[in-house]
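Please open the model in your viewer, and keep the selection panel at hand. The stops below go from one helix to the cysteines, the aromatic rings and finally the pair of chains.

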There are 2 protein chains.
Amino acid sequence: MEVKLAKNYGFCFGVKRAIELAEKKPNGITLGPLIHNDKEINRLKEKFNVVVNENIQEIPKKAEVIIRTHGIPKQDLQKLKEKTNNITDATCPYVTKPQKICEDMSAKGYQIVIFGDMKHPEVKGVMSYCDNEPLVVEDLESLKKAKLRDKVALVSQTTKNINLFLEIANYLISRCSECRVFNTICNATFDNQDSARNLAKEVDVMVIVGGKNSSNTKQLYNISKEYCKDCYLIEDFSELDSKWFLEKQLCGVTAGASTPNWIIDKVVNTIKSY
Amino acid sequence: MEVKLAKNYGFCFGVKRAIELAEKKPNGITLGPLIHNDKEINRLKEKFNVVVNENIQEIPKKAEVIIRTHGIPKQDLQKLKEKTNNITDATCPYVTKPQKICEDMSAKGYQIVIFGDMKHPEVKGVMSYCDNEPLVVEDLESLKKAKLRDKVALVSQTTKNINLFLEIANYLISRCSECRVFNTICNATFDNQDSARNLAKEVDVMVIVGGKNSSNTKQLYNISKEYCKDCYLIEDFSELDSKWFLEKQLCGVTAGASTPNWIIDKVVNTIKSY
């Protein structure tokens, strides 16, 4: 089976940076998974004894703690600081940006609108930096139910789709006298998405490698699905099924921003072997 | 001929206010036409001896001067103040708003983008309040040629179309890290536009009354034309042609924001007489 990789795929700058930071802190504890990729989390545990703990209560005093790429709520950071000084902040700088914007804009009296998934750790973190209660919307419909103030500031979860973000912005611009729009969508996501779209147009089957709870991986899947009928989202090579490739000529492969190369390589080699 | 008036039409708040101010200043001089309507300008001249002068050099010292609804450039205001203390500011408050925004935002280092017609007196006035040179764009195409900075502030000429404004905003949001969007489009324009659209859908012929150099009147014409094949833009009843109404059942009438009721009444009565 012939395989073609997307022009841009896999690890983004923030994830690479977080892994490098974690590798330098053997025996460290990450508060929640460092990135959305179980295999890489396991590798860090096996090779560097970097372990995950979701519960601040359980973090020992003076422990070596690493903050995950998605960031953590301001209150959690405060609690953590009361326990230990050994904190390594692996929050992606692209996530720190909307956190700071929300802190600044809410202090200036703007109503904060966050385009994102309220249950996502990144959004939970960003929300915590608002002085007043932010409006978190997953789509235009939920925004339509909300009561808007005259001056709003809009940020986005870094992995969201720009066109949906613009829909939200347009609704706000039409109704508010001032709308401060901060485009906090990450370029890496854009680049991976554009590459997935282009690849999906020319292949017979697409394989998207990434965590099934990873927002940006799901988007790569959805975009690919628009242009290629047969798309499969897998976490690693073991989920591959040779039947998917029967009577196909060319298979496209892309991967979410949290997927390490060693996982992608195994997938590519397995498909090539069919 | 049966006539139906648009739900909202004619004079807006700013124009009504300017005329009331001018009527209280008999023998006053307006720097350029007070509003975009020659007939009303003539009425003010005949009834109140309020005259128009485009040239600041010619304004006598200590003259009673009235500033037009569209505002004037900051530099002209300064020159005027050196000549006289008797200045009545009839600038529409909705125009003063983008002037202040441009002054404030350019002082804060934002690149100013003005969606509007560079030759329109309102836009000339707004432009003059920018510390740094603003980008004035009439459409998305002209924006595409421009060099953008990272932080931009966007305002609109008050009479522009919201959808075109959103196109401009979307382009900026996708490319800049912060885009401060000030929706300075006037509601009166919206209301008159919505009413024209609704009326155009149900009539056989539409007559739009207003100055031929009035931006908002031209927009009413363009919107009506989308829904009604036979549309006519006239300045007053004398331009009406009975042939337009042959074999038509219902005529819709609307009017630009600078058109006084006495002009509209004559138009309506003439059409009814056919």
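**A helix and its covered side**

Begin by selecting helix α1 of chain A, residues 13–23, and colour its buried residues, which are G14(A), V15(A), A18(A), I19(A) and A22(A). Looking down the axis of α1(A), you should find that these residues span an arc of only 130 degrees, which means that they lie on the same side of the helix. Keep in mind throughout that this is a predicted model. Next add α2 (38–48) and β4 (65–67) of chain A to the selection, since both are among the elements that cover the buried residues of α1(A).

**The cysteines**

Which cysteine sulfur is closest to that of C102(A)? Select C102(A) together with C130(A), whose sulfur is the closest one at 3.9 Å, and note that this is too far for a bond, because a disulfide requires the two sulfur atoms to be within 2.5 Å. C102(A) is also buried, with a relative accessible area of 0%. Then move to chain B and select C231(B), which takes part in no disulfide, its nearest cysteine sulfur being that of C228(B), 4.4 Å away. C231(B) likewise counts as buried, at a relative accessibility of 6%. A search of the whole structure, over all chains, gives zero disulfides.

**Aromatic rings and the charges over them**

Now display the aromatic side chains; the search over all chains finds ten aromatic pairs. In chain A, select Y232(A), W244(A), F245(A) and Y274(A), which together form one aromatic cluster. Two further stops show a charged side chain over a ring: R175(A) lies over the face of Y171(A), at 3.8 Å from the ring centre, and K160(A) lies over the face of F115(A), at 5.5 Å from the ring centre.

**The two chains together**

Finally, show chains A and B side by side and ask what turn lays chain A on chain B. The turn is one of 180 degrees, with a shift of 0.0 Å along the axis, and the resulting RMSD is 0.0 Å; this is the relation of a two-fold axis. To find where chain A comes closest to that rotation axis, select R180(A), whose C-alpha is 2.1 Å from it. As a last selection, take the interface residues of chain A: 100% of them are also interface residues in chain B, so the copies meet through the same surface.

Terms used
Residues numbered from 1 in each chain as written. Chains lettered and ligands numbered in written order. Predicted model: local features only at pLDDT ≥ 70, side-chain atom pairs only at ≥ 80, totals over all residues. Heavy atoms only, no water. Buried < 20%, exposed > 50% of the residue type's maximum accessible area, 1.4 Å probe, protein only. Helix = DSSP H or I, 4+ residues; strand = E, 2+ residues; numbered from the N terminus. Arc of directions from axis to C-beta. Contact = heavy atoms within 4.5 Å. Phe/Tyr/Trp six-rings, centres within 6.5 Å; stacked < 30°, edge-to-face > 60°. Lys NZ or Arg CZ within 6 Å of the ring centre and 35° of its normal. Least-squares fit on C-alpha atoms with pLDDT ≥ 70 in both.
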